[in-house]
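Here are some exercises to work through with the model open beside you. Try each task before you read its solution.

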Amino acid sequence: MARRPFAAPAPKKEGPRINEDIRVPRVLLIDEHGEKQGIMPTDAAIEAALEAGLDLVEVSPNADPPVCKILDYGKLKYAEQKKKAEARKKQKTQDIKEIKMRPNIDTHDYEVKTRAMTRFFEDGDKVKVTLRFRGREMAHQDRGMDVMNRVKEDFADIAKVEFEPKLEGRQMTMVLAPR
């Protein structure tokens, strides 16, 4: 037996109600110049908006009576869209950058890696320090721990340790976050 599909719910509109969507009997009207016109029937307010060539937009729906303003709805939506885009542009996401080292790292190589880490901290990113052991290096895990402690001490003033050095299989990891 075939079932009839249910009717889809009406799409919900985002944002304020405009023009004919306003279904209250009386509204407090503010004209296009920002002057209060007083309480009037909704039909008269819509007519006034049409005469001005603009839209009637419900600004404060919870007030008694609701406050409606005569303005260009297209311009209002455009301004809101621009404001959201600007806010999105300003927000900073925090990435996790990874620095790979070896237990027997040379001093110059270590300095190059620390310069990169400093740059990452200045950009506001977290840094995951990965120390990989190969072959017989597993017998000297204390050397790897020494390198990790050296990193921790060098960045103690500009970064805090989020995850302490931990050995997982053949690699030791530690995560630092900028202060």
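Strands here are DSSP runs of E with at least two residues, and they are numbered from the N terminus. Keep in mind that the model is a predicted one.

**Exercise 1. Find Asn19 and say what is special about its phi.**

Step 1: Use the strand numbering to place the residue. Asn19 belongs to the segment before β1.
Step 2: Recall the general rule. Most residues other than glycine have a negative phi, and most peptide bonds are trans.
Step 3: Compare. Asn19 is not a glycine, yet its phi is positive, at about 40°.

**Exercise 2. Work out the order of the strands in the sheet that holds β1, and name its edge strands.**

Step 1: Read across the sheet. This open sheet has 4 strands in the order β2-β1-β4-β3, and the pairing is mixed.
Step 2: Look for strands that pair on one side only. These edge strands are β2 (36-41) and β3 (55-60).
Step 3: Add the twist, which averages 35° from one strand to the next.

**Exercise 3. For each pair of neighbours in that sheet, decide: parallel or antiparallel?**

Step 1: Start from the principle. Strands of a sheet pair through backbone hydrogen bonds, either parallel or antiparallel.
Step 2: Take β1 and β2. They are antiparallel, with 5 bridges; Arg26 has Pro41 in β2 as its bridge partner.
Step 3: Take β1 (residues 26-30) and β4 (residues 67-71). They run parallel and are joined by 3 bridges. Here Leu28 is partnered by Val67 in β4.
Step 4: Take β3 and β4. They are antiparallel, again with 5 bridges, and Leu56 faces Ile70 in β4.

**Exercise 4. Follow the chain through the two hairpins and look for backbone features.**

Step 1: Between β1 and β2 the hairpin has 5 residues, and Gly34 in this hairpin has a positive phi near 85°.
Step 2: Between β3 and β4 the hairpin connection is 6 residues. Pro65 is in this loop.
Step 3: Check the peptide bond between Asp64 and Pro65. It is cis, with omega about -5°.

**Exercise 5. Now describe the sheet that contains β5.**

Step 1: The order is β5-β6-β8-β7 in an open sheet of 4 strands with mixed pairing.
Step 2: The edges are β5 (96-101) and β7 (159-168), each pairing on one side only.
Step 3: Ignoring direction, neighbouring strands of this sheet are turned by 15° against each other on average.
Step 4: Zoom in on β5 and β6 (residues 126-132). They run parallel over 6 bridges, and Ile99 is opposite Val129 in β6.

**Exercise 6. Which residues line the largest pocket, and how do they divide by type?**

Step 1: Think about how space is found. Rolling a probe the size of a water molecule over the atoms shows where empty space is left.
Step 2: List the lining: Glu14, Gly15, Pro16, Tyr73, Lys77, Glu80, Gln81 and Lys84.
Step 3: Sort these residues. The lining has 2 nonpolar, 2 polar and 4 charged residues.
Step 4: Give the volume, which is about 170 Å³ for the largest pocket.

**Exercise 7. Where does the charged end of Arg150 sit?**

Step 1: Select Arg150 and Tyr110. The charged end of Arg150 sits over the ring of Tyr110.
Step 2: Check the distance against the cut-off. A charge counts if CZ of Arg is within 6 Å of the ring centre, and here the distance is 3.7 Å.

Key: Residues are numbered from 1 along each chain as its sequence is written. This is a predicted model: local features need pLDDT of at least 70, side-chain atom pairs count only at pLDDT 80 or more; totals for chains, interfaces and linings use all residues. Side-chain values use heavy atoms; hydrogens and water are left out. A charge sits over a ring if NZ of Lys or CZ of Arg is within 6 Å of the ring centre and within 35 degrees of the ring normal. On a 1 Å grid over the protein atoms alone, a cavity is a set of points where a 1.4 Å probe fits but cannot get out, and a pocket is an open set with protein on both sides within 12 Å along at least five of seven lines; lining residues have an atom within 4 Å of a point. Grid points are joined across faces, edges and corners, and a volume is the space filled by probe spheres set on the points. Ala, Val, Leu, Ile, Met, Phe, Trp, Tyr, Cys and Pro count as nonpolar, Asp, Glu, Lys and Arg as charged, and the others, Gly among them, as polar. Two strands pair if DSSP finds at least two bridges between them. Axes are lines fitted to C-alpha atoms, for helices over the stretch in contact, and angles run from 0 to 180 degrees between N-to-C directions.
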